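Biologist: I'd like a close look at a single part of this model, please. Choose one that says something about the interior, and tell me how its surroundings fit into the chain as a whole.

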Amino acid sequence: MENIKMTPAERYVIQPVSRFISKSTTGGIVLFVAALIAIFFANSPWAEDYAHFWHQHVVIAFGDYKLDMTLHHWINDGLMAIFFFVVGLELKRELTNGELASPKKAALPIIAAIGGMAFPAIIYLFFAGGTDAAHGWGIPMATDIAFALGVMYMLGDKVPTPLKVFLTALAIVDDLGAVLVIALFYTSQLNLTFLFIGITLFILLLIFNRLGFKNPLFYAIIGIAGVWLAFLLSGVHATIAAVLAAFAIPANARVNERTFTKELVHLKEKFLSIDPDDKQPDLTDKQIHIVEDIRAVAKDAIPPSQRLEHGMHNLVTFFVMPVFALCNAAIPISFAGGLSAVTLGVAFGLLIGKVIGVSVLSALLIKLKVVTAPKGTTMRKLFGVGFLAAIGFTMSLFITELAFDVKIHPEFPDQAKMGIILASVVGGIIGYLLLNTKSKD
C-alpha cells in the first residue's frame with residue numbers, strides 16, 4: 001500500500017490525539033482528571049470562588065417566558081440529559097440486538113444488576129435509616145460505566161472478553177435502574193399539564209417511528225425542544241425525557257445489509273469504469289457524483305439510533321461528563337468530625353453492597369447452575385467485577401444532587417460525595433488487583 005504523506009501537524013499532533021481519544025481507557029482518565037481538579041479547588045483558598053462560579057444564574061428568555069437556572073442546574077438538568085440520551089440509545093441497542101436481547105444471555109447481568117442495586121440501598125438504610133438522611137438510599141445503587149470499564153480495559157487481555165461484556169451489560173441495566181429510581185422517587189411535585197404535553201409528544205415520536213420516518217433532526221427537535229422542555233417544566237426530572245426520546249429513535253436502517261452490499265458493488269464498478277486522468281489530482285464530475293452516492297447509501301445503511309450513539313459518544317465522554325465532574329465533584333475533604341452515617345452508608349453500600357449483589361449473588365446462581373458463567377471467568381475475577389461495580393461516581397453524584405434538600409441539610413451532599421469518592425477509589429484499586437492476573441488462573 002502506498003504510504004500517505006502526512007504533514008508535521010498530522011504526525012505529531014492530530015494522529016497522537018486521535019489515538020488517545022480512540023482508546024477505551026481515555027474516557028475514565030479524562031473523568032478522573034476532572035474530578036481531581038474539582039476536589040483540588042474545593043480544598044484550596046479559591047473554594048468559595050469556585051463554588052460561586054457554578055451557582056451563577058443563566059437565563060434563556062422567549063418574550064414573557066424564561067428559564068432562569070444556575071449554571072449548576074443547567075449542567076445537571078440540561079447537559080446531563082445528553083448523557084442520559086446516549087445511555088438510552090445504548091440500552092435500546094442492547095435490548096434489540098445486543099447482550100440483553102437474548103433471555104439466556106441477559107439473565108445473569110440483569111439479576112446481578114438488580115442485586116447490585118438492592119443490597120447497597122439496604123446497607124445504606126442500615127446506617128442512615130430513620131434519620132433525615134434516609135432519602136439518600138438511592139445514591140449507592142449506581143455504577144459508573146466510564147470508570148469501571150476504563151479500569152477493566154487497562155488490564156487488556158488479562159480480562160476475558162465475555163467478562164467485559166458482562167460488566168458492560170450489567171452497567172447498562174444498572175443505569176436503567178437508576179433512571180427508574182429517579183423517575184419514581186426523586187421527582188418533585190408534578191405539573192400535570194406539562195407532563196401530559198411531554199407524554200403526548202413522546203407518543204408522537206413513537207408514531208412517526210412506526211411510520212418509518214427516520215430523519216434524526218426531526219427527533220432531535222421534538223425530543224429536545226418538546227419532550228425535554230415539557231418534562232423539565234412538569235417536575236419530572238428532565239433526564240427521564242432524554243431516555244424516552246432515545247427509545248423513540250428508529251433502530252432499523254433505510255437500507256438493509258444485502259441491498260447496501262449490492263449498491264456498493266454497483267457504484268464501485270461505475271467508479272472504476274471511468275477513465276481516470278492521472279495528470280489531474282481532482283476527481284471528475286462523474287466521479288464526485290458516484291462518491292456522493294456511496295456516501296448517501298452508506299449513511300442510509302446505518303440505523304439513526306446507532307448513528308446518533310456513535311456521533312455523540314465523544315461529546316459525552318470528553319465534554320459532558322468532565323464538565324459534570326468539575327461542577328459536582330468539588331468535595332471538601334475533612335475527617336475532623338469523624339465519618340457520618342451518610343458517608344458510611346454510601347461507602348459501605350457501594351463497597352459491600354455491590355460485591356454481595358453482583359459477585360456473591362452471581363457466584364451462587366452459577367453454583368446452582370441457574371445461569372452460565374461468562375467464559376474464562378474465575379471466582380477471583382467475578383469478585384473483581386463486583387469491586388469495579390462499586391465505582392459509583394457519575395450517577396451516584398447525580399442522585400446525590402436530587403436526594404437531599406440543601407436548604408434544610410446542606411451538609412448531607414458533601415458527606416455523601418465523600419462516601420462516593422472513598423468507595424470508588426478503594427473499589428477501583430481492589431478490583432484492579434483482583435483482575436490483574438492471567439485469564440487461565
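Modeller: Happy to! A residue is called buried here when its relative accessible area is under 20%. By that cut-off, 46% of the 441 residues in the chain are buried. Please keep in mind throughout that this is a predicted model.

My choice is helix α10, which covers residues 238-248. Nine of its 11 residues are buried, so the helix is largely enclosed by the rest of the structure. Reading along α10, the buried positions start with the run Ala238, Thr239, Ile240, Ala241, Ala242 and Val243, and then come Ala245, Ala246 and Ala248. The cover over these buried residues includes α4 (71-96), α7 (161-185), α8, α9 (216-234) and α16 (393-403).

Let's follow one of those covering helices, α8, which spans residues 192-210 and holds Gly198. With a relative accessibility of 0%, Gly198 counts as buried. Beyond its neighbours within four places in sequence, Gly198 is in contact with Val227, Ala230 and Phe231. For a sense of distance, take Ile182, 16 residues away from Gly198 along the chain: the C-alpha atoms of the two are separated by 17 Å.

Burial also turns up outside the helices. Gly138 sits in the loop between α5 (103-128) and α6 (145-154), yet its relative accessible area is 0%, so Gly138 is buried. Leaving out residues up to four places away in sequence, Gly138 touches Tyr186 and Ile399. Gly431 is 293 residues from Gly138 along the chain, and their C-alpha atoms are 23 Å apart.

A further buried site is Ser362, located in helix α14 (residues 341-367). Its relative accessibility is 1%, so Ser362 falls under the same heading of buried. Its contacts, again not counting residues up to four places away in sequence, are Leu108, Ala112, Phe166 and Leu382.

Now for the whole chain. It has 17 helices and two strands. The strands, β1 (residues 57-62) and β2 (residues 65-70), pair in the antiparallel sense over six bridges, with His57 opposite Thr70 in β2. Together β1 and β2 make a hairpin with two residues between them, and Gly63 in the turn has a positive phi of about 65°.

Contacts that reach far along the sequence are plentiful: of those between residues at least 6 apart, 80% join residues at least 24 apart. As for overall dimensions, a compact globule of 441 residues would have a radius of gyration near 22 Å, and the chain has 24 Å, which agrees. Along the principal axes, the C-alpha atoms fill a box of roughly 80 × 65 × 50 Å.

Finally, the outside. The accessible surface of the chain comes to about 23,300 Å², and 66% of that belongs to carbon and sulfur atoms. There are 33 positive and 32 negative side chains, with the centres of the two sets 11 Å apart.

To return to your request: α10 is a helix with nine of its 11 residues buried, and its cover includes helices such as α4 and α16.

Terms used:
Residues numbered from 1 in each chain as written. Predicted model: local features only at pLDDT ≥ 70, side-chain atom pairs only at ≥ 80, totals over all residues. Heavy atoms only, no water. Helix = DSSP H or I, 4+ residues; strand = E, 2+ residues; numbered from the N terminus. Rg over C-alpha atoms; globule rule 2.2 N^0.38 Å. Buried < 20%, exposed > 50% of the residue type's maximum accessible area, 1.4 Å probe, protein only. Contact = heavy atoms within 4.5 Å. Areas by Shrake-Rupley, 256 points an atom, 1.4 Å probe, with all protein chains shown as cover. Lys, Arg positive; Asp, Glu negative; His and termini not counted. Charge placed at Lys NZ, Arg CZ, Asp CG, Glu CD. Pairing = 2+ DSSP bridges.
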